[in-house]
Amino acid sequence: MALKLGHGVMILVIISASMFSVSMANKDWSFGFNYTDWWSRFGNHPQNKTQQQPKQIVVGGSEHWHYRFNYTDWAFKSAPFYLNDTLVFKYDAPNATSFPHSVYMFKSFGSFLKCDIEKAKMLANPMQGTGEGFKFVLKRWKPHYFACGERNGFHCNNGTMKFAVMPMIRPFWQWP
């Protein structure tokens with residue numbers, strides 16, 4: 001019961017934080033009401049096609065997907081993520097000088113926190129991140145929990161090679 005309550009609270013916190021960050025991104029807040037500006041604020045807005053298009057986001061940016069990089073911090077700084085955006089996991093194939101990496105997705109916040117790889121689903125094996133990388137489309141409006149599952153979850157357990165995202169609904173026009 002406590003785990004379900006904790007999971008619900010965490011989802012509420014993620015949704016609230018996402019909504020807050022999008023609302024604060026609008027730097028042109030005006031608290032007065034200007035009747036002469038009514039139509040431009042609330043009338044027919046020309047649709048910004050670039051605003052509506054899903055994006056391809058490389059996980060970790062130029063750092064890609066590797067050990068000892070804080071992906072939770074990266075996800076926080078890269079937010080917001082929107083429905084139909086594509087996360088691209090790029091990583092090197094296993095070799096003598098680097099550790100292999102993979103991509104796992106957890107079904108629950110509890111298994112994500114514990115890095116319980118047995119309850120996670122492998123999305124990409126160590127060979128799928130080479131070249132153009134492994135692509136995952138955020139198709140559902142729900143929290144997504146990702147981690148590296150190699151070495152029995154060691155990369156996840158150290159706390160850096162895992163992150164969560166909550167995709168939002170993309171606005172239909174650019175806010176004034």
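How many helices and strands does the protein have? In this predicted model, the protein has 6 helices and 7 strands. Their order from the N terminus is α-α-α-β-α-β-β-α-β-β-β-α-β. Of the 176 residues, 36% are buried. The accessible surface amounts to about 11400 Å², and carbon and sulfur atoms contribute 60% of it. Among contacts between residues at least 6 apart in sequence, 73% join residues at least 24 apart.

**Salt bridges**

Side chains of opposite charge can pair when their charged atoms come close. A search of the whole structure yields 3 salt bridges, listed below.

| Basic residue | Acidic residue | Closest N and O atoms |
|---|---|---|
| Lys-77 | Asp-73 | 3.2 Å |
| Arg-170 | Asp-85 | 2.3 Å |
| Lys-119 | Asp-116 | 4.0 Å |

The bridge between Arg-170 and Asp-85 links distant parts of the chain, 85 residues apart. Arg-170 lies in the segment after strand E7 (162–165), and Asp-85 lies in the loop between H4 and strand E2 (86–89). Both partners are buried: Arg-170 has a relative accessible area of 11%, and Asp-85 has 1% relative accessibility.

Asp-73 and Lys-77 both belong to helix H4 (residues 71–78), 4 residues apart, or about one turn of the helix. Asp-73 is partly exposed at 33%, whereas Lys-77 is exposed at 64%. In the remaining pair, Lys-119 is exposed at 54% relative accessibility, while Asp-116 is partly exposed at 21%.

**Surface charge**

Lys-107, Lys-121, Arg-140 and Lys-142 form a positive surface patch. Of these residues, Lys-107 sits in the loop between strand E3 (103–106) and helix H5 (109–114) and is exposed, with a relative accessible area of 74%.

Conventions
Residues are numbered from 1 along each chain as its sequence is written. This is a predicted model: local features need pLDDT of at least 70, side-chain atom pairs count only at pLDDT 80 or more; totals for chains, interfaces and linings use all residues. Side-chain values use heavy atoms; hydrogens and water are left out. Helices (H or I, at least four residues) and strands (E, at least two) are DSSP runs, numbered from the N terminus. Buried means under 20% relative accessible area, exposed over 50%, partly exposed in between (1.4 Å probe, protein chains only). Contact means heavy atoms within 4.5 Å. Accessible areas come from the Shrake-Rupley method with a 1.4 Å probe; for residues, only the protein chains shown count as cover. Patches are made of residues with over 30% relative accessible area and no salt bridge: like charges are joined within 9 Å, nonpolar side chains (Val, Leu, Ile, Met, Phe, Trp, Tyr) within 5 Å. A salt bridge is a side-chain nitrogen of Lys or Arg within 4 Å of a carboxyl oxygen of Asp or Glu. Lys and Arg count as positive and Asp and Glu as negative; His and the chain ends are not counted. The place of a charge is taken as NZ of Lys, CZ of Arg, CG of Asp or CD of Glu.
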